[in-house]
Amino acid sequence: MNWALCTAVDRNPKRLGGAWCFAGTRLAVVSLFEHLDKGSTTDEFLEWFPGVSAEQVHQALGFAMSSLAQPTAVE
């Protein structure tokens, strides 16, 4: 999955060790998935991290979901 194709995120090697972050923030995208995994809702996530927009969250989730629909080579 090439996160560079998702406009909701960006990466800077001088910020958070080069982790993918929500564009314009210092919040790593992985934090969204960690919160969801622990039972949080997207509304809660957005409340806790007001610097991230609902559009960014939906784009990141949609991008991750679409990557699962891509066929992969089976060895």
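**Exercise 1. Place S40 in the model and decide whether its side of the chain is buried or exposed.**

Solution. At 16% relative accessibility, S40 falls in the buried class, where buried means under 20% relative accessible area, exposed means over 50%, and partly exposed lies in between (1.4 Å probe, protein chains only). S40 sits in the loop between α1 and α2, with helices (H or I, at least four residues) and strands (E, at least two) taken as DSSP runs and numbered from the N terminus. Not counting residues up to four places away in sequence, S40 touches H35 and W48, a contact being heavy atoms within 4.5 Å.

This is a predicted model, in which local features need pLDDT of at least 70 and side-chain atom pairs count only at pLDDT 80 or more, whereas totals for chains, interfaces and linings use all residues. Residues are numbered from 1 along each chain as its sequence is written, and side-chain values use heavy atoms, with hydrogens and water left out.

**Exercise 2. Describe the overall architecture of the protein: which elements does it have, and in what order do they run?**

Solution. Begin with the secondary structure, which comes to three helices and two strands. Read from the N terminus on, these elements follow the order β-β-α-α-α. Next take the extent of the C-alpha trace, which spans about 40 × 30 × 20 Å along its principal axes. Finally, consider burial and contacts: of the 75 residues of the protein, 31% count as buried, and among contacts with a separation of 6 or more, 36% come from residues 24 or more positions apart.

**Exercise 3. Identify which residues have the most contacts inside the largest nonpolar core, and find which helix gives the most to this core.**

Solution. A nonpolar core is a set of buried Ala, Val, Leu, Ile, Met, Phe, Trp, Tyr and Cys residues joined through side-chain atoms within 4.5 Å. The largest such core has 15 residues, and W3, F22, F45 and V52 are those with the most contacts inside it. Helices α2 (42–48) and α3 each supply at least two residues of this core, and α3 gives the most, with four residues. As a general background, nonpolar side chains tend to be buried together in soluble globular proteins. To look at one of these residues in detail, take V52, which touches F22, T25, L27, F45, L46 and V57 when residues up to four places away in sequence are not counted.

**Exercise 4. Work out how helix α1 packs against α3, and which residues make the contact.**

Solution. Helix α1 (residues 30–37) and α3 pack at an angle of about 85 degrees, with their axes 11 Å apart; the axes are lines fitted to C-alpha atoms, for helices over the stretch in contact, and angles run from 0 to 180 degrees between N-to-C directions. The two helices are therefore roughly perpendicular, given that angles of 65 to 115 degrees count as roughly perpendicular, under 35 as roughly parallel, over 145 as roughly antiparallel and the rest as oblique. The contact is made by L32, F33 and L36 of α1 together with V57, A60, L61 and A64 of α3. By class, the residues of this contact divide into seven nonpolar, no polar and no charged, with Ala, Val, Leu, Ile, Met, Phe, Trp, Tyr, Cys and Pro counted as nonpolar, Asp, Glu, Lys and Arg as charged, and the others, Gly among them, as polar.

Now single out F33, which is found in helix α1 and counts as partly exposed at 30% relative accessibility. Not counting residues up to four places away in sequence, F33 touches W3, A60, L61 and A64.

**Exercise 5. Find which residue forms a salt bridge with D10, and compare the burial of the two partners.**

Solution. A salt bridge is a side-chain nitrogen of Lys or Arg within 4 Å of a carboxyl oxygen of Asp or Glu, and by this rule the count comes to one. D10 pairs with R15, the closest N and O atoms being 2.5 Å apart. D10 is partly exposed, with a relative accessible area of 26%, whereas R15 is buried, with a relative accessible area of 13%.

**Exercise 6. Locate L16 and state what sign its phi has.**

Solution. L16 is in the loop between β1 (9–10) and β2 (21–22). Its phi is positive, about 50 degrees, although L16 is not a glycine. Most residues other than glycine have a negative phi. At 39% relative accessibility, L16 counts as partly exposed.
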